[in-house]
Amino acid sequence: MVDFHNKVLTAQLQQADAMIQKHKINIEVLTKNASGVADHPDMMKTVEDELNRIGHWEEIKSVIKKHFEFEGKRTLTE
C-alpha cells in the first residue's frame, strides 16, 4: 500500500525548497544584473516581495517539520 502521508509531506518540502531557490535566484538576478532593473522601477519593493515569498515557503517547511511525523524527517533536521 502506498504511504501517501510520507509522499505528500516529502513532496511539499521539496516544492518549498525549489520555490526558495527560485526566489533567491530572482533576487540575485535583480541585484547583480543591471538589465533586470529596467522592468522593476521600485527595486526595493521587488526584492522585498521576493524575500516575503521566501519567508512564506520557509514557514511552510517549519510547520511541516514541527507538526507532522513522517519518514525521512530525521534526515531533514540533521
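A salt bridge is a side-chain nitrogen of Lys or Arg within 4 Å of a carboxyl oxygen of Asp or Glu. The legends below apply this term to a predicted model.

**Figure 1. Overview of the protein, a predicted model with four helices and zero strands.** Along the sequence, the elements follow the pattern α-α-α-α. The protein has 78 residues, and buried residues make up 23% of them. Its accessible surface comes to about 5900 Å², with 56% of this area belonging to carbon and sulfur atoms. Among contacts between residues at least 6 apart in sequence, 69% join residues at least 24 apart. Three salt bridges are present in the structure, and each is shown in a later view.

**Figure 2. Helix 3 and its buried residues.** Helix 3 spans residues 43-67 and contains 25 residues. From its first C-alpha to its last, helix 3 reaches 36 Å, close to the 36 Å expected at 1.5 Å a residue. The buried residues of this helix are T46, V47, E50, I54, W57, K61 and I64. Helix 1 (4-32) is included in what covers them.

**Figure 3. The salt bridge between D17 and K61.** The closest N and O atoms of this pair are 2.6 Å apart. Because D17 belongs to helix 1 and K61 to helix 3, the pair ties together parts that are 44 residues apart in sequence. The two partners may also be described by their accessibility. D17 is partly exposed, with a relative accessible area of 34%, whereas K61 is buried, with a value of 14%.

**Figure 4. The salt bridge between K45 and D49.** The side chains of K45 and D49 meet at 2.8 Å, N to O. Both residues lie in helix 3, four residues apart, which is about one turn of the helix. An α-helix has 3.6 residues a turn, so residues three or four places apart point the same way. Side chains of opposite charge can pair when their charged atoms come close. K45 is partly exposed, at 41% relative accessible area, and D49 is likewise partly exposed, at 24%.

**Figure 5. The salt bridge between R53 and E50.** In this pair the side chains meet at 2.9 Å, N to O. R53 and E50 are both part of helix 3 and stand three residues apart, about one turn of the helix. R53 is partly exposed, with a relative accessible area of 38%. E50 has a relative accessibility of 8% and therefore counts as buried, the limit for this class being under 20%.

**Figure 6. Surroundings of E50 in helix 3.** Leaving aside neighbours within four places in sequence, E50 is in contact with H23, N26 and I27. One of these residues, H23, lies in helix 1. Helix 1 is also among the parts that cover the buried residues of helix 3, and E50 is one of those buried residues.

**Figure 7. Surroundings of H23 in helix 1.** H23 is buried, with a relative accessible area of 5%. When residues up to four places away in sequence are not counted, H23 touches E50, R53, I54 and W57. Among these partners, E50 and R53 form the salt bridge of Figure 5, while I54 and W57 are listed with the buried residues of helix 3.

Methods: Residues are numbered from 1 along each chain as its sequence is written. This is a predicted model: local features need pLDDT of at least 70, side-chain atom pairs count only at pLDDT 80 or more; totals for chains, interfaces and linings use all residues. Side-chain values use heavy atoms; hydrogens and water are left out. Helices (H or I, at least four residues) and strands (E, at least two) are DSSP runs, numbered from the N terminus. The expected span of a helix is 1.5 Å times one less than its number of residues. Buried means under 20% relative accessible area, exposed over 50%, partly exposed in between (1.4 Å probe, protein chains only). Contact means heavy atoms within 4.5 Å. Accessible areas come from the Shrake-Rupley method with a 1.4 Å probe; for residues, only the protein chains shown count as cover.
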